[in-house]
Amino acid sequence: MKTSSIEKDLFKSKVSFEPNAAMIGISCDDWYCHKAGMSRDEICSTMQEKKYDIVPMVNDNGKVTSYFTLNENKVAEINSTEITESDTIYYLTHIKDVIWLMNLNQRSHYFLANYENKEIIGLISLSNLNCREFSLYLFSMLALVEKELSNLITTDEALAIEYLENKFMDEGGRKQLESIKNRLSDDRAKEIEND
């Protein structure tokens with residue numbers, strides 16, 4: 001019995017989950033936003049009640065060009081801010097890059113844009129990182145680290161040291177590797193080494 005080429009490909013395919021900002025964030029079709037006719041008081045009370053940090057404002061043309069934030073003291077006052085290009089990222093940006101940008105720029109959110117027509121189509125904020133998809137991504141990354149660590153642990157000591165020497169190129173890594181080598185040497189001298 002032979003498998004077809006489609007079946008054979010499925011046996012060889014690897015599961016890979018690489019989430020992007022749109023997969024983790026919220027679409028403009030699903031978010032709470034300010035629309036014509038809504039009062040600032042209504043927006044403010046909803047933001048406080050639902051603990052929203054950001055509420056996009058939809059203008060008369062149906063476009064999002066600014067957003068509300070609660071003031072720094074989280075009291076019943078909201079501030080309106082115009083959206084600039086630095087407030088947006090491409091909606092298909094990989095989640096690793098989103099987190100890197102948030103950390104680099106000390107930001108808690110980005111508006112997601114389709115750069116074809118520069119239209120804002122969604123939002124991603126730190127609170128979105130509590131979703132199931134991001135948890136699955138983190139779990140898969142941790143599982144990969146655990147697998148690589150177990151491979152390193154079961155490797156011959158000389159090969160493991162050589163591997164680490166090739167990986168640790170920065171000053172901190174080299175110091176840590178020297179510490180590991182010294183610890184192994186000390187344990188060997190005291191006859192308390194483990195496998």
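I began at the hairpin of β6 and β7, where I found four residues between the strands and Lys 118 taking a positive phi near 60°. I keep in mind that this is a predicted model.

I then looked up how the two arms of the hairpin are joined, and noted that β6 (residues 109-114) and β7 run antiparallel with six bridges between them. As one pair in this ladder I wrote down Leu 112 of β6, whose bridge partner in β7 is Gly 122.

Next I asked which residues of β1 meet β7, and found that strand β1 (residues 26-27) is antiparallel to β7 and joined to it by two bridges. For Ile 26, the bridge partner in β7 is Leu 123.

With these partners listed, I checked the burial of β7 itself, which covers residues 119-125: five of its seven residues are buried, so the strand is largely enclosed by the rest of the structure.

Turning to the whole chain, I counted seven helices and seven strands, and read their order from the N terminus as α-α-β-α-β-β-β-β-α-β-β-α-α-α. The radius of gyration is 25 Å, well over the 16 Å that the globule rule gives for 195 residues, so the chain is more spread out than a compact globule. I also recorded that the C-alpha trace spans about 75 × 60 × 30 Å along its principal axes.

For burial over the chain, I noted that 28% of the 195 residues are buried, and that the chain exposes about 14200 Å², of which carbon and sulfur atoms supply 52%.

Last, I looked at charge, and found 22 positive and 33 negative side chains, with the centres of the two sets 4 Å apart.

Note on methods
Residues numbered from 1 in each chain as written. Predicted model: local features only at pLDDT ≥ 70, side-chain atom pairs only at ≥ 80, totals over all residues. Heavy atoms only, no water. Buried < 20%, exposed > 50% of the residue type's maximum accessible area, 1.4 Å probe, protein only. Pairing = 2+ DSSP bridges. Rg over C-alpha atoms; globule rule 2.2 N^0.38 Å. Areas by Shrake-Rupley, 256 points an atom, 1.4 Å probe, with all protein chains shown as cover. Lys, Arg positive; Asp, Glu negative; His and termini not counted. Charge placed at Lys NZ, Arg CZ, Asp CG, Glu CD.
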